[in-house]
Amino acid sequence: GGIRDSPPPSQATVASLARHGARVHTCARTANGVTAAVLQWRAVGLDVTGSVWDVADATSRDAFVAEVSKKFKGTLNIFVSNVGFNIRKPTTEFTAEEYKRLMDTNLESSFALCQKLHPLLKKSGDRAIVFNSSVASLVSMQSGSVYRMTKGAMNVLTKYLACEWARDGIRVNAVAPWYINTPLAKQG
């Protein structure tokens, strides 16, 4: 089985995993982000379930991991972390609250979920983590310094876990797409 932890652009990833035979569980912060998509996937015969959790919140993360552990009987093959959002504004205009929210959502949630899901991944025969980074972590796109910092740190986390968790047979990679035409990207 595999899980996802956020709304679009994950839909193509979820559908691709399910079309290749994976049982997929996805989550998002709101029921609107999950319900309609799960119904569409199930209508075409894909084995996809979903739930509502805000993985930026530690209590929600714990509940999500417990749910995933139960659903996949204590093992997990793939964890795709696509959680994140952006606030586009000059660096001097960020508030401490905005900085914290971006860090907690874009970086802390992925780090903490990796820690919590490691035992499930380690028990599996085929193990992988895929982070959704951003080209903003590699080149200047004027997308906001805090967002860029979170994605750059995610790249470092990817490299570190790839080496540290190789002994557990867990592959860790990141993709760094350019803008993806989603409602989130159109916000600003």
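S109 lies in helix 4 of this predicted model. Its relative accessibility is 0%, and because buried means under 20% relative accessible area, S109 counts as buried. Leaving aside residues up to four places away in sequence, S109 touches V55, A56, R61, V83 and D104.

One of these partners, R61, leads to the packing of two helices. Helix 3, residues 58–71, and helix 4, residues 96–123, pack with their axes 10 Å apart and at an angle of about 30 degrees. The crossing of this pair is right-handed. On the side of helix 3, the contact is made by R61, D62, F64, V65, V68 and S69; helix 4 contributes E108, S109, A112, L113, K116, L117 and L120. By character, the residues of this contact divide into seven nonpolar, two polar and four charged.

L117, a member of that contact, also belongs to the largest nonpolar core, which holds 22 residues. Within this core, L76, L117, I129 and F131 touch the most other members. At least two residues of the core come from each of helix 3, helix 4, strand 5 (127–132), helix 5 (145–164) and strand 6 (170–175). Helix 4 gives the most, with five residues. A second core, separate from this one, has 14 residues, including L17, A18, A37 and L46.

These elements belong to a regular succession along the chain. The protein has five helices and six strands, and from the N terminus on they run β-α-β-α-β-α-β-α-β-α-β. Of its 188 residues, 45% count as buried. Among contacts with a separation of 6 or more, 67% are accounted for by residues 24 or more positions apart.

The cysteines deserve a separate remark. Which of C27 and C163 is buried or exposed? C27 has 0% relative accessibility and therefore counts as buried. C163, by contrast, has a relative accessible area of 62%; since exposed means over 50%, C163 is exposed. A disulfide is a covalent bond between the sulfur atoms of two cysteines. With a disulfide taken as a pair of cysteine sulfur atoms within 2.5 Å, the count for this model comes to zero.

Technical notes: Residues numbered from 1 in each chain as written. Predicted model: local features only at pLDDT ≥ 70, side-chain atom pairs only at ≥ 80, totals over all residues. Heavy atoms only, no water. Axes fitted to C-alpha atoms, helices over the stretch in contact; angles between N-to-C directions. Helix = DSSP H or I, 4+ residues; strand = E, 2+ residues; numbered from the N terminus. Left-handed = near helix turned anticlockwise from the far one by under 90°. Contact = heavy atoms within 4.5 Å. Nonpolar A, V, L, I, M, F, W, Y, C, P; charged D, E, K, R; others polar. Core = buried A, V, L, I, M, F, W, Y, C linked by side-chain atoms within 4.5 Å. Buried < 20%, exposed > 50% of the residue type's maximum accessible area, 1.4 Å probe, protein only.
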